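User: I would like to understand how the labels in a structure description are earned. Could we go through some of them together?

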Amino acid sequence: MLTRFAVTNYRGFDKRIELDLSTPKDYQFNTYAIKDGVIKNAIIYGPNGCGKTNLSLAIFDIVNHLSQKWKKATYYDNFVYSGSSSKVVSFEYTFLFGRDIIQYDYTKNDRGMLVRESLQCNGKSVFRKDDTLTLDESQFKMNDSVKVDLEKSSNAISIVNYLLTSFPLQKDHYLLKLRDFVASMLWFRCLEQREFIGLETAVYYLNDYIISNGFVQEFADFLEKVSDQRFDFSPTSADDKALLCNINGSAVVFDEIASTGTRSLTLLFFWVKHLQDASFVFIDEFDAFYHFKLSFEVCKLLFSHDCQVLLSSHNTYLMTNDLLRPDCNFVMNGNAVKPLSDSTEKELRFGHNIEKLYRGGTFDT
């Protein structure tokens, strides 16, 4: 699980910004949102332009150089904060894998090339690379010529990737756990256009995916469960490319009558079918086209999965103890992102109306 993340000099962030998921409080309700002492489910709120999307993209920078999964083609445009004299961005990750605490830090230049990289396991340095390479040779024995080649490498190869491909590792090795976690991370959103990073390598046509996998009735049940919409889909064959709905005896193409919000639910259905393979999921502005009650139902569905799920939203209707807890509701403003539980001296209990307190200015955000 991801326990802490920080980034410096990235896009619109002129200073270091940190998201800490490692210090949940001792609330005795909605305990499903906490796993192994780490916040598993959270929603990040904040005004327009505060950087919620940039924070989510920064978290997924690690996918761009440790994984071969789908990448965002324009990701390195405006990569470095434009007001800074420094031309590098620094990333800091802390992961918990069983008993192993992995701290992975690296710096990239404005072209996305690695400049510095270091990794620690349980507080002990595994390697550090800047102008030279320092390696724990009790774990990884490397001759001097290989070190020199890595130090002088013009393509700035990741030392993590080199160790993964060059040394035999036991199946429970912390580097393999890191690799598998990163390869299973997923970021997506559905606004003017649909975008995703990680987890999958292929591009799908959603209707074709639903039909070819025999998910038509399951999709209809999904729409009814989360949004109370009932669609009577026509029988399909494997060669069909469009979903048809029966309306008073007439067959109508689903995409032509579905609302923007319902089409967004089609994308959500696709990714929900993949969440059993995901480790960490961030959905940016997940409810941009949802009714507030639909947003609540979608949250319950997403949070029922075993993977770590973070969402960003403007919908303070979700800021309720009926869904999460004060330590799982984060507010972002400027270069700070803090849970509500750390934003007030008031003792927060299950019976408190958190949204009302937030709108009333109780929290220092």
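**How the labels are earned**

Analyst: Happy to! Let's begin with Asn78, which sits in the loop between helix 2 (61-66) and strand 6 (88-97). Please keep in mind that this is a predicted model.

User: Why is Asn78 called exposed?

Analyst: The label exposed asks for over 50% relative accessible area. Asn78 has 65%, so it is exposed. Its backbone is worth a look too: Asn78 has a positive phi of about 55° although it is not a glycine.

User: Thr74 is in the loop between helix 2 and strand 6 as well. What label does Thr74 get?

Analyst: Partly exposed covers values between the 20% and 50% cut-offs. Thr74 comes out at 44%, so it counts as partly exposed. You can also find Asp36 in the viewer: Thr74 and Asp36 are 38 residues apart along the chain, and their C-alpha atoms are separated by 36 Å.

User: Now Asn9, which also has a positive phi. Is Asn9 buried or exposed?

Analyst: Buried requires under 20% relative accessible area. Asn9 has 7%, so it is buried. You will find Asn9 in the loop between strand 1 (2-8) and strand 2 (17-20). Its phi is about 70°, and Asn9 is not a glycine.

User: What makes Asn321 buried?

Analyst: Asn321 has a relative accessible area of 2%, so it passes the under 20% test for buried. Asn321 belongs to the loop between strand 16 (308-312) and strand 17 (329-333). Leaving out residues up to four places away in sequence, Asn321 touches Phe29, Asn30, Pro326, Arg349, Phe350, His352 and Ile354.

User: How do you know that those residues touch Asn321?

Analyst: A contact is called when heavy atoms come within 4.5 Å. Each residue on that list is in contact with Asn321.

User: Let's try a strand. Which strand holds Ser118, and why does Ser118 count as buried?

Analyst: Ser118 is part of strand 8 (residues 114-121). Its relative accessibility is 13%, and the limit for buried is under 20%, so Ser118 is buried. Beyond its neighbours within four places in sequence, Ser118 is in contact with Gln103, Tyr104, Asp105, Phe127 and Arg128.

User: And how do you know that Val216 is buried?

Analyst: The same cut-off of under 20% decides this case, and Val216 has 12%, so it counts as buried. Val216 lies in helix 7 (residues 216-227). Apart from residues up to four places away in sequence, Val216 touches Ile210, Ile211, Phe233, Thr236 and Leu243. Val216 and Ser234 are 18 residues apart in sequence, with 9.0 Å between their C-alpha atoms.

User: What makes helix 1 largely enclosed by the rest of the structure?

Analyst: Helix 1 covers residues 52-59, and seven of its eight residues are buried, so the rest of the structure largely encloses it. The buried ones are Lys52, Thr53, Leu55, Ser56, Leu57, Ala58 and Ile59.

User: How many disulfides are there, and how do you know that Cys50 is not in one?

Analyst: The count is zero. A disulfide needs two cysteine sulfur atoms within 2.5 Å. For Cys50, the closest cysteine sulfur is in Cys299, 17 Å away, so that is too far for a bond. Cys299 in turn has its closest cysteine sulfur in Cys328, at 12 Å, also too far for a bond. As for their surroundings, Cys50 counts as buried at 9% relative accessibility, and Cys299 counts as buried at 0%.

User: Let's zoom out. How many helices and strands does the chain have, and why is the chain called as compact as a globular protein of its length?

Analyst: There are 11 helices and 18 strands. The radius of gyration is 22 Å, close to the 21 Å that the globule rule gives for 365 residues, so the chain is as compact as a globular protein of that length. Its C-alpha trace spans about 75 × 55 × 40 Å along the principal axes.

User: What share of the residues in the chain is buried, and what share of contacts joins residues 24 or more positions apart?

Analyst: Buried residues make up 53% of the 365. Among contacts with a separation of 6 or more, 62% are between residues 24 or more positions apart.

Definitions and conventions:
Residues are numbered from 1 along each chain as its sequence is written. This is a predicted model: local features need pLDDT of at least 70, side-chain atom pairs count only at pLDDT 80 or more; totals for chains, interfaces and linings use all residues. Side-chain values use heavy atoms; hydrogens and water are left out. Helices (H or I, at least four residues) and strands (E, at least two) are DSSP runs, numbered from the N terminus. The radius of gyration is taken over C-alpha atoms; the globule rule is 2.2 Å times the number of residues to the power 0.38. Buried means under 20% relative accessible area, exposed over 50%, partly exposed in between (1.4 Å probe, protein chains only).
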